Amino acid sequence: MSAPAGWYPQPDGRQRWWDGTQWTEHYHDATAPAADAAASSEAGAATDTTAGAATGADHPYGQTAYGQATYGQPGQATYGQPGTSPGAPSSGSGVGKGCLIAAAIVAVLVALMVVAGIVLYNTAKKKVEEVIPTTFPTSTSGPGLPGLPTLPGSDGAEATATVGEAFTLGELSFQSGWSIGDDDSFGTGTITGLTTDAPVESAIIDVSVMNGAQELDTTYCTVESGTTKFSCLPFFEDLTGATEVVFRRSL
């Protein structure tokens, strides 16, 4: 059955006249005077009567046929787009919130990875420093190297000399004329011209450059077996004010 003729609310707030079979072009505001509603009611009734007379001629028993409405029935939510609601939230807002949450999680994970990397690095560095000493011993004897046999010439002989002066270190006799000069490759200088009177089979000498009681820098000198000329590693500290050099034989 079709809905009875009458005024029905529209989505725009106005009311529209339904003549019993179809929508007419009669509108009025919900607050319009009652006279307008009555006039429209009369117009709708006349239309309905005309439509009923026309349809009654088509039916043998003079009954007015009420066809099934193919339009949205008054009172039903047929206005606007199907399945939508003016107050429904946009799906885009949910996607944006999801992206923000994902970005925050990624930032936290990256921060945790950085902290873990720093902790692991410090732990590994500490372990390496415990296993590998950062400085080399200056002698083959002493508590730092227990159990090593005493080698020939490694009796801890020591000698102090001014730069260029001849000196004797245990069984080794060094000639005068040696010097501390600039190193062509790197460092602040090195000992050159350090030679012995006789060939030496093997020897390692610890060298300390002094300024009175202050030690300015240290290095090592070695000799190739069967020769007399010693080669020394470079210094890296400022040797200004050096007054003497202390030699100690460690091998």
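Two rings of Phe, Tyr or Trp count as a pair if their centres lie within 6.5 Å, and planes over 60 degrees apart make the pair edge-to-face. With that rule, a search of the whole structure finds eight aromatic pairs. The model on your screen is predicted.

**Stop 1: Phe 167 and Trp 178**

Select Phe 167 and Trp 178 and show their side chains. How far apart are the ring centres, and at what angle do the planes stand? The centres are 6.2 Å apart and the planes are at 80°, so the pair is edge-to-face. Phe 167 belongs to strand 5, residues 167-169. Trp 178 is in the loop between strand 6 (172-174) and strand 7 (179-181), and the two residues are 11 residues apart.

Are these two residues buried or exposed? Phe 167 has a relative accessible area of 6%, so it is buried. Trp 178 is buried as well, at 2% relative accessibility.

**Stop 2: Phe 247**

Keep Trp 178 selected and add Phe 247. The ring centres of Trp 178 and Phe 247 are 5.5 Å apart and the planes are at 85°, so this pair too is edge-to-face. Phe 247 is in strand 13 (residues 244-249) while Trp 178 is in the loop between strand 6 and strand 7, so the pair ties together parts that are 69 residues apart in sequence. The relative accessibility of Phe 247 is 0%, so Phe 247 counts as buried.

Now add Phe 174 and Phe 230 to the selection. Together with Phe 167, Trp 178 and Phe 247, they form one aromatic cluster.

Next, select what surrounds Phe 247. Neighbours within four places in sequence are left aside here. Phe 247 is in contact with Ala 157, Glu 158 and Ala 159. Other contacts of Phe 247 include Phe 167, Leu 169, Trp 178, Ile 191 and Leu 194. Ile 205, Asp 206 and Val 207 are also in contact with Phe 247.

**Stop 3: the largest nonpolar core**

Zoom out a little from Phe 247. The largest nonpolar core has 24 residues. Which of its residues touch the most other members? They are Phe 167, Leu 194, Phe 230 and Phe 247.

Colour the strands to see where the core comes from. Strand 4 (158-161), strand 5, strand 6 and strand 10 (204-211) are among the strands that each supply at least two residues of this core. Strand 11 (214-223), strand 12 (227-232) and strand 13 each do so too.

**Stop 4: salt bridges**

The structure holds four salt bridges. Begin with two that involve strand 13.

Select Arg 248 and Glu 158. Their side chains meet in a salt bridge, 3.2 Å from N to O. Arg 248 is in strand 13 and Glu 158 in strand 4, 90 residues apart. Arg 248 is partly exposed, with a relative accessible area of 33%.

Move to Arg 249 and Glu 171. They form a salt bridge in which the closest N and O atoms are 3.5 Å apart. Glu 171 is in the loop between strand 5 and strand 6, and Arg 249 is in strand 13, 78 residues apart. Which partner is buried and which is exposed? Arg 249 is buried, with a relative accessible area of 5%, whereas Glu 171 is exposed at 65% relative accessibility.

Now go to Arg 14. Its side chain meets that of Asp 12 in a salt bridge, 3.0 Å from N to O. Add Tyr 27 to the view: the charged end of Arg 14 sits over the ring of Tyr 27, 4.3 Å from its centre. Arg 14 is partly exposed, with a relative accessible area of 32%.

**Stop 5: the disulfide**

A disulfide is a covalent bond between the sulfur atoms of two cysteines. Select Cys 221 and Cys 232, which a disulfide joins with an S to S distance of 1.9 Å. The torsion about the S-S bond is about 110°, so the disulfide is right-handed. Cys 221 lies in strand 11 and Cys 232 in strand 12, so the pair ties together parts that are 11 residues apart in sequence. Cys 221 is buried, with a relative accessible area of 0%, and Cys 232 counts as buried at 15%.

**Stop 6: Gly 189**

Finally, select Gly 189, in the loop between strand 7 and strand 8 (190-192). Gly 189 is buried, at 0% relative accessibility. Add Phe 235: Gly 189 and Phe 235 are 46 residues apart in sequence, while their C-alpha atoms are 5.3 Å apart in space.

Conventions
Residues are numbered from 1 along each chain as its sequence is written. This is a predicted model: local features need pLDDT of at least 70, side-chain atom pairs count only at pLDDT 80 or more; totals for chains, interfaces and linings use all residues. Side-chain values use heavy atoms; hydrogens and water are left out. Rings of Phe, Tyr and Trp (its six-membered ring) pair if their centres lie within 6.5 Å; planes under 30 degrees apart count as stacked, over 60 as edge-to-face and the rest as tilted. Helices (H or I, at least four residues) and strands (E, at least two) are DSSP runs, numbered from the N terminus. Buried means under 20% relative accessible area, exposed over 50%, partly exposed in between (1.4 Å probe, protein chains only). A charge sits over a ring if NZ of Lys or CZ of Arg is within 6 Å of the ring centre and within 35 degrees of the ring normal. A nonpolar core is a set of buried Ala, Val, Leu, Ile, Met, Phe, Trp, Tyr and Cys residues joined through side-chain atoms within 4.5 Å. Contact means heavy atoms within 4.5 Å. A disulfide is a pair of cysteine sulfur atoms within 2.5 Å.
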